[in-house]
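Me: Hi! I have a structure open here and would like to talk it through with you. Could you help me find my way around?

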Amino acid sequence: MSSSAGSRVVVTGATGNVGTSVVRLLSEDPEVKSVRGLARRTPAWSPPKTEWSAVDLGSDQENLAERFEGADAVIHLAWAFQPTHDPARTWRTNVLGGIRVFEAVAAARVPVLVHASSVGAYSPGPKDHAVDESWPTHGWPDAAYCREKAYLERTLDVFERDHPEVRVVRMRPAFLFKWQSASEQRRIFGGRFLPGPLARPELLPFLPDIPGLRVQALHTDDAAEAYRLAVRSDNARGAFNLAADPPLDAAVLAELLGSRPVRLPRTAVRSAIAAAWGLHLLPASPHLFDAVLRLPLMDCARAHTELGWRPRRTATEVIQEFLEGLRQGGGMETEPMRGRKVG
């Protein structure tokens, strides 16, 4: 918003992968007066102009409107990926907590709400061409992550109808990575004891080539810049796709890693994931695997033209940085992002 000189911004989920990048960029912006980061555990990390508040969105005892008083914008990033075996628990934090955030924005009369949706909110779509923001957002109902993201899209539809005075922006980024997120994402999706040093090209003589496995990626800092631009703009409303080129499939990754793609049947890979998940050996569920194979590729022209946003890094550069982070135990001094090298 052009009137944001001296603006005050509240960020939920401020200590995670996206939150740390958003808070850092906002703290460096001369037109932002202050940043309030909300997280379940306050960190030792202390960027300029930033104050922290301990808030658990999964608790209905929190008075969020008090936390939002006087804010010029709220950026809602908080999200719980685990436990995938207890979807009622993630629903309580992600959906009910998200609804509490939206209601508090209205109660505190915050003029701008920027919400972290996701490519995961989209209904199944094409892998051979990109779709724009008008593609349906009904998610993949069997995957809790997609179901919850899609539900909040519908909640925001009603919120925008009832509160036209609030400028609402929905970011729909691709998969987000950075060096510092490597340890957190290894724990969330691969498990605590998956050795990071295994992410060496010489230990990957082949890569599984699974039908439908073609996705997009983006550096977290590039996504954070889109959030900053959305706060700063007076006219940005609605949904924005965020992704970097090129789309990632087995052929692209095999060339990057010096491996060779080997075709594997989808059912065999899913069965292996389902068995490991059922035995609590793998945190990522087979339902999320099903969703990933169905996600559409996204056209990001709207973010380019209306926000003036373009990613600084290619998707292959993002993956290279992330793999280096896996090998080195990349992290930060916040509880979700703590670095740890296993093996």
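Me: Let's start with valine 95. Which residues does valine 95 touch, not counting those up to four places away in sequence?
Reply: Happy to help! One thing up front: this is a predicted model. Valine 95 touches Thr90, Glu148, Tyr151 and Leu152.

Me: And where is valine 95, buried or exposed?
Reply: Valine 95 is in helix H3, which covers residues 87-107. Valine 95 counts as buried because its relative accessible area is 0%, and buried means under 20%.

Me: How far apart are valine 95 and threonine 155 in space, C-alpha to C-alpha?
Reply: The C-alpha atoms are 9.2 Å apart, while in sequence the two residues are 60 residues apart.

Me: Switching to charges. How many salt bridges are there in the whole structure?
Reply: A search finds 21 salt bridges. One of them joins the side chains of arginine 170 and aspartate 157, at 2.8 Å from N to O. Arginine 170 is in strand S7 (residues 167-173) and aspartate 157 is in helix H4 (residues 144-162), so this pair ties together parts that are 13 residues apart in sequence.

Me: Are those two partners buried or exposed?
Reply: Arginine 170 is buried, at 5% relative accessible area. Aspartate 157 is partly exposed, at 33%.

Me: Which residues are linked with them in a network of salt bridges?
Reply: The network links Glu153, Arg154, Asp157, Glu160, Arg170 and Arg172.

Me: What does aspartate 222 pair with?
Reply: Aspartate 222 meets arginine 313 in a salt bridge, at 3.0 Å from N to O. Aspartate 222 lies in helix H6 (residues 220-232), and arginine 313 in the loop between helix H10 (301-307) and helix H11 (315-328), so the pair ties together parts that are 91 residues apart in sequence. Aspartate 222 itself is buried, with 3% relative accessibility.

Me: And which residue forms a salt bridge with aspartate 249?
Reply: That would be arginine 214, with the closest N and O atoms 3.5 Å apart. Aspartate 249 is in the loop between strand S12 (244-248) and helix H7 (250-257), and arginine 214 is in the loop between strand S9 (206-209) and strand S10 (215-219), so parts 35 residues apart in sequence are tied together. Arginine 214 counts as partly exposed, at 27% relative accessibility.

Me: Which residues gather in a patch of positive charge on the surface?
Reply: Arg40, Arg41, Arg89 and Arg92 make up that patch. Arginine 40 lies in the loop between strand S2 (32-39) and strand S3 (50-54), and counts as exposed at 55% relative accessibility.

Me: Now the backbone. Where are the cis peptide bonds before proline 83 and proline 246?
Reply: One runs from glutamine 82 to proline 83, with omega near 5 degrees. The other runs from aspartate 245 to proline 246, with omega near -5 degrees. Proline 83 is in the loop between strand S4 (73-76) and H3, whereas proline 246 is in strand S12.

Me: What is phi for lysine 49?
Reply: Lysine 49 has a positive phi of about 65 degrees although it is not a glycine. Lysine 49 sits in the loop between S2 and S3 and is partly exposed, with a relative accessible area of 34%.

Me: Last one: what is serine 27 in contact with, leaving aside neighbours within four places in sequence?
Reply: Serine 27 is in contact with Val35, Pro47, Pro48, Lys49 and Thr50, so the lysine we just discussed turns up again among its contacts. Serine 27 lies in helix H1 (residues 17-28) and counts as buried at 6% relative accessibility.

Definitions and conventions:
Residues are numbered from 1 along each chain as its sequence is written. This is a predicted model: local features need pLDDT of at least 70, side-chain atom pairs count only at pLDDT 80 or more; totals for chains, interfaces and linings use all residues. Side-chain values use heavy atoms; hydrogens and water are left out. Patches are made of residues with over 30% relative accessible area and no salt bridge: like charges are joined within 9 Å, nonpolar side chains (Val, Leu, Ile, Met, Phe, Trp, Tyr) within 5 Å. Accessible areas come from the Shrake-Rupley method with a 1.4 Å probe; for residues, only the protein chains shown count as cover. A salt bridge is a side-chain nitrogen of Lys or Arg within 4 Å of a carboxyl oxygen of Asp or Glu. Lys and Arg count as positive and Asp and Glu as negative; His and the chain ends are not counted. The place of a charge is taken as NZ of Lys, CZ of Arg, CG of Asp or CD of Glu. Helices (H or I, at least four residues) and strands (E, at least two) are DSSP runs, numbered from the N terminus. Buried means under 20% relative accessible area, exposed over 50%, partly exposed in between (1.4 Å probe, protein chains only). Contact means heavy atoms within 4.5 Å.
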